[in-house]
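Grab a pencil and have a look at the protein below. A few short exercises follow, each with a solution worked out in steps.

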Amino acid sequence: MNHPSPDDPRWHAIRTRDRAADGSFVYGVRSTGIFCRPSCPSRPARPESVIIHETVEAALVGGFRACLRCLPEGAVDQFALTPGRSR
Ligand SMILES: [Zn+2]
């Protein structure tokens with residue numbers, strides 16, 4: 001469990017929908033059980049309801065589901081850049 005403080009730069013990235021932060025972490029919202037990438041258009045209201053996850057895997061292990069609006073799993077996949085991807 002890792003709640004951002006209001007002056008945490010990651011919380012700032014969430015609040016400003018900073019696309020540069022995509023892929024460096026995801027955040028879960030406890031009230032909904034959904035996790036998002038920082039640039040997701042649906043912003044949480046309060047940092048205490050947000051849990052920062054360093055990786056998608058950590059969010060999934062934590063019991064969160066991927067947001068259907070920002071598709072954080074697909075976003076992180078872009079950064080994985082798997083070599084020899086079929087097609
Ligand atoms: Zn989202």
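Before starting, one definition: two strands pair if DSSP finds at least two bridges between them. Also keep in mind that this is a predicted model.

**Exercise 1. Find out how many helices and strands the protein has, and in what order they run.**

Solution. Start by counting: there are three helices and four strands. Next, walk along the chain from the N terminus, and the elements come as α-β-β-β-α-β-α.

**Exercise 2. Work out the strand order of the sheet and which strands sit at its edges.**

Solution.
- Step one: the four strands form an open sheet in the order E3-E1-E2-E4, and the pairing is mixed.
- Step two: look for strands that pair on one side only, which picks out E3 (50–53) and E4 (65–66) as the edge strands.
- Step three: check the partners of E1. Strand E1 (residues 26–29) pairs with strand E2 (residues 34–36) in the antiparallel sense, over three bridges. E1 and E3 are antiparallel too, over four bridges.
- Step four: zoom in on the hairpin of E1 and E2. Four residues lie between the strands, and glycine 33 there takes a positive phi near 75°.

**Exercise 3. Identify what stands opposite tyrosine 27 in E2, and what its bridge partner is in E3.**

Solution. On the E2 side, tyrosine 27 faces cysteine 36. Over in E3, the bridge partner of tyrosine 27 is isoleucine 52.

**Exercise 4. Decide whether the two faces of E1 are covered or open.**

Solution. Take one side first: Val26 and Gly28 are buried. Now the other side: Tyr27 and Val29 are buried as well, so both faces are covered, given that buried calls for 20 or more other C-beta atoms within 10 Å. For a closer look, pick valine 26: leaving aside neighbours within four places in sequence, its contacts are Phe35, Cys36, Arg37, His53, Val56, Ala59 and Pro72.

**Exercise 5. Describe the largest nonpolar core and say which elements feed it.**

Solution. The core has 19 residues, and those touching the most other members are Val26, Tyr27, Ile34, Phe35, Cys36 and Cys67. As for suppliers, helix H1 (9–15), E1, E2, E3 and helix H2 (56–61) each give at least two residues to this core.

**Exercise 6. Compare cysteine 67 and aspartate 7: which is buried and which is exposed?**

Solution.
- Place them first. Cysteine 67 is in the loop between E4 and helix H3 (72–80), while aspartate 7 is in the segment before H1.
- Count next. Cysteine 67 has 22 other C-beta atoms within 10 Å, so it is buried. Aspartate 7 has 8 within 10 Å, so it is exposed.
- Now look at who is around. Not counting residues up to four places away in sequence, cysteine 67 touches Ile34, Phe35, Cys36, Cys40 and Pro72.
- Finish with distances. From cysteine 67 to glycine 33, which are 34 residues apart in sequence, it is 9.2 Å between C-alpha atoms. Aspartate 7 and proline 47 are 40 residues apart along the chain, with their C-alpha atoms separated by 9.9 Å.

Technical notes: Residues are numbered from 1 along each chain as its sequence is written. This is a predicted model: local features need pLDDT of at least 70, side-chain atom pairs count only at pLDDT 80 or more; totals for chains, interfaces and linings use all residues. A nonpolar core is a set of buried Ala, Val, Leu, Ile, Met, Phe, Trp, Tyr and Cys residues joined through C-beta atoms within 7 Å. A residue is buried if 20 or more other C-beta atoms lie within 10 Å of its own, exposed if 12 or fewer, and partly exposed in between; C-beta atoms are placed from the backbone. Two residues are in contact if their C-beta atoms, placed from the backbone, lie within 7 Å.
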